[in-house]
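I opened this model to go through its rings, its buried positions and its backbone angles. My entries follow in the order I looked things up.

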Amino acid sequence: MRRLALALAALALTAPGTASAFAKTNLTIRMSDGVGIAATYYVPDGAPPIGRWPSVLMLHGLGETRTTTRNAVGISVNSIAETQLVPQGYAVLTFDARGHGESGGLVSIDGPREIQDVRELVNWLGSQAGVSPDRIGAFGYSYGGGAIWRATAEGVPFAAIEVGVAWTDLYSAFAPQGLARSGIVLGFWQSIAPRSAPEIEPIVRDVLAGSNLGAVRAFAAQRSTRQLLGKIKVPTFLLQGRRDFAFDLGQALDPYARLKVPKRLYVADFGHAPSPQPQGELEHVLPEARLWFDRFLKGLPNGIDKRPPVEIAPRCTREPSRTPSR
């Protein structure tokens, strides 16, 4: 009994606690090519715990900003940070991706420059006073999720990742069997066209025309992760829509089957159209996402990694009950 009491006391001293209040700072972080990235940095109130704050880098979807959302999940990354993470003892950095919102630069669809931005933002976050550089996680969906996959495979040192309604194979998402999914491609293109990099429009035209597919494949491969999944060595929580016309369930089932790390898959009803986004689903899964970070960034033995590893949301319910599956 005395040993148990001592262990619990040690856990209380070392585990980051909760903080109901926090500091929020809007700033611009300069990238190595001179482009300014607009960001919001959150720090819980009070002194950092022993071991310093765990932290999370949060990435939004294509055509969005850190304060707005289109249709993939229905809530901004700033809102998720303020309701789910910072009050529970996490420092958080959100940002407008290059070519989005208040950030400078041009969009190249998670190309090498955007992945370098992720690397530099992680370095910035890990250098902040009170933040543990060894306990940085990443949360992102759609476009942001694609960047997390690629950045992690290229060695950006995340300690845990959460990827929602994203791709691991961009070519099969936009041109399966070489046939363009024109509506999806045009919809994404229109959301970024005024601020896209020069190489994007020719690729879009080639995809729609079904021409120059070798160049299209090379472009997509540089932004995909399916062939690099063996390089991912960190705990991974996947969230994917069962009915998502942009990035179908296979984009998550393949990495889930191949990853040799602690992993969890949530099959959702939220996502890109025509996902129904039932009211109440995010209220269930976002706390689970926080528990994943609690387990692998804070080191809390909360049992999230012991639950059945695949969870399937019931179809289109207002306040969903859950159907776990092994």
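**Charges over rings**

I began with Arg295, whose charged end sits over the ring of Phe296, 5.1 Å from the ring centre. I was working with a predicted model, and I kept that in mind for every entry. I then found Arg223 over the face of Phe219, 3.7 Å from the ring centre.

**Overall counts**

I noted 10 helices and 10 strands in the protein. The chain has 326 residues, and 54% of them count as buried. I looked up contacts with a separation of 6 or more, and residues 24 or more positions apart account for 71% of these. The exposed area came to about 13,600 Å², with carbon and sulfur atoms supplying 55% of it.

**Aromatic pairs**

How many aromatic pairs does the structure hold? I got 10. One of them is Phe188 with Phe247, a stacked pair with 6.0 Å centre to centre and 15° between the planes. This pair links distant parts of the chain, with the two positions 59 residues apart in numbering. I placed Phe188 in helix 6 (residues 182-192) and Phe247 in the loop between strand 7 (236-241) and helix 9 (250-258). Phe188 and Phe247 are both buried.

I went on to Trp292 and Phe296, whose ring centres are 4.8 Å apart. Their planes stand at 55°, between the cut-offs of 30 and 60 degrees, so I entered the pair as tilted. Trp292 and Phe296 both belong to helix 10 (residues 281-296), and because they are 4 residues apart there, about one helical turn separates them. Both are buried. Phe296 is also the residue whose ring lies under the charged end of Arg295.

Which residues do ring pairs link into a cluster? I listed Trp167, Phe174, Phe188 and Phe247.

**Helix 7**

In helix 7 (residues 200-209) I marked Ile200, Ile203, Val204, Asp206 and Val207 as buried. They cover an arc of only 165° around the axis, so they lie on the same side of the helix. On the other side of helix 7, I found Arg205 and Ala209 exposed. I checked what covers the buried residues, and the cover includes helix 5 (170-174), helix 6 and helix 8 (213-221). Just after helix 7 comes Gly210, with a positive phi of about 70°.

**Thr40 and Arg66**

I found Thr40 in strand 2 (residues 36-44). Is Thr40 buried or exposed? Its relative accessible area is 0%, so I counted Thr40 as buried. The side chain of Thr40 makes a polar contact of 2.7 Å with the side chain of Arg66. Leaving out residues up to four places away in sequence, Thr40 touches several others, among them Lys24, Leu27, Asn78 and Val92.

Next I followed that contact to Arg66, which lies in the loop between strand 3 (53-59) and helix 2 (77-85). Arg66 has a relative accessible area of 5%, under the 20% cut-off, and is therefore buried. Its side chain also joins that of Glu102 through a polar contact of 3.2 Å. With residues up to four places away in sequence again left out, the residues touched by Arg66 include Asn26, Ala38, His60, Ser76 and Asp96. Asn26 appears among the residues touched by Thr40 as well.

**Backbone angles**

I kept the general rule in view: most residues other than glycine have a negative phi, and most peptide bonds are trans. I then wrote down the exceptions I had looked up.

Asp110 has a positive phi of about 55° although it is not a glycine. I placed Asp110 in the loop between strand 4 (91-95) and helix 3 (112-126). Asp110 counts as buried because its relative accessibility is 2%.

Gln277 has a positive phi too, near 50°, and is not a glycine. Gln277 lies in the loop between strand 8 and helix 10. At a relative accessible area of 30%, I entered Gln277 as partly exposed.

Where is Pro274? I found Pro274 in the loop between strand 8 (263-268) and helix 10. The peptide bond from Ala273 to Pro274 is cis, with omega near 10°.

Notes: Residues numbered from 1 in each chain as written. Predicted model: local features only at pLDDT ≥ 70, side-chain atom pairs only at ≥ 80, totals over all residues. Heavy atoms only, no water. Phe/Tyr/Trp six-rings, centres within 6.5 Å; stacked < 30°, edge-to-face > 60°. Buried < 20%, exposed > 50% of the residue type's maximum accessible area, 1.4 Å probe, protein only. Lys NZ or Arg CZ within 6 Å of the ring centre and 35° of its normal. Arc of directions from axis to C-beta. Contact = heavy atoms within 4.5 Å. Polar contact = N/O pair within 3.5 Å; in protein donor to acceptor, adjacent residues only side chain to side chain. Areas by Shrake-Rupley, 256 points an atom, 1.4 Å probe, with all protein chains shown as cover.
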